[in-house]
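Colleague: I'm new to this one. Could you walk me through how to read it?

Modeller: Sure, let's have it up on screen.

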Amino acid sequence: ELMTHHILANFMYDHPFHLLVAVSVPVVGSIFLTQKDHAHLKLSQKIMHTRVLGQLSVLGILLSVMFFRDYMDRNGRFIESDLASEIEQYEMSQDALIARDLIREAAYLKK
């Protein structure tokens, strides 16, 4: 059984744009709420500040998600331990088959 953080990492790997939207919308909303406190600015200026800060925030979140996705692409998904042992046995059997074929080919070439 996978730990909770591994399940979450697999979900983030499978659904990067859901994650981007789920994190970005509250961030931009909170930026707009903090802009409400600036009474000396017009509404259009508050919206412009929110847009600029929101774009910066979303870009940072996007880069983080894509770096995480790249990490998972290189290292693979988290899998359950019994499944990992089955995969390892399969890979070992494949290596044994390849070695057997190479030995047969070498013996054939010697003839």
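Colleague: Where does F32 lie?

Modeller: Keep in mind that this is a predicted model. F32 lies in helix 2.

Colleague: Is F32 buried or exposed?

Modeller: Buried means under 20% relative accessible area and exposed means over 50%. F32 comes out at 31%, so it counts as partly exposed.

Colleague: Which residues form a nonpolar patch on the surface with F32?

Modeller: F32 is joined there by L33, L43 and I47, and together the four have about 380 Å² of accessible area. Helix 2 and helix 3 are the elements that each give two or more residues to this patch.

Colleague: What about T50: which helix is it found in, and what is it in contact with?

Modeller: T50 is found in helix 3, which covers residues 43-75. Its relative accessible area is 8%, so T50 is buried. Leaving aside neighbours within four places in sequence, T50 is in contact with V28, I31, F32 and Q35. The T50 side chain also reaches the backbone oxygen of K46, at 2.8 Å.

Colleague: And why do the buried residues of helix 1 line one face of the helix?

Modeller: Here's the general idea: an α-helix has 3.6 residues a turn, so residues three or four places apart point the same way. In helix 1, residues 4-14, the buried residues are A9, N10 and Y13. Looking down the axis of helix 1, these buried residues fall within an arc of 100 degrees, so they line one face.

Colleague: What do the buried residues of helix 1 pack against?

Modeller: They pack against helix 2 (16-35) and helix 3.

Conventions: Residues are numbered from 1 along each chain as its sequence is written. This is a predicted model: local features need pLDDT of at least 70, side-chain atom pairs count only at pLDDT 80 or more; totals for chains, interfaces and linings use all residues. Side-chain values use heavy atoms; hydrogens and water are left out. Helices (H or I, at least four residues) and strands (E, at least two) are DSSP runs, numbered from the N terminus. Buried means under 20% relative accessible area, exposed over 50%, partly exposed in between (1.4 Å probe, protein chains only). A polar contact is a pair of N or O atoms within 3.5 Å; within protein, one must be able to donate a hydrogen and the other to accept it, and residues adjacent in sequence count only if both atoms are side-chain atoms. Contact means heavy atoms within 4.5 Å. The arc is that of the directions from the helix axis to the C-beta atoms. Patches are made of residues with over 30% relative accessible area and no salt bridge: like charges are joined within 9 Å, nonpolar side chains (Val, Leu, Ile, Met, Phe, Trp, Tyr) within 5 Å. Accessible areas come from the Shrake-Rupley method with a 1.4 Å probe; for residues, only the protein chains shown count as cover. A salt bridge is a side-chain nitrogen of Lys or Arg within 4 Å of a carboxyl oxygen of Asp or Glu.
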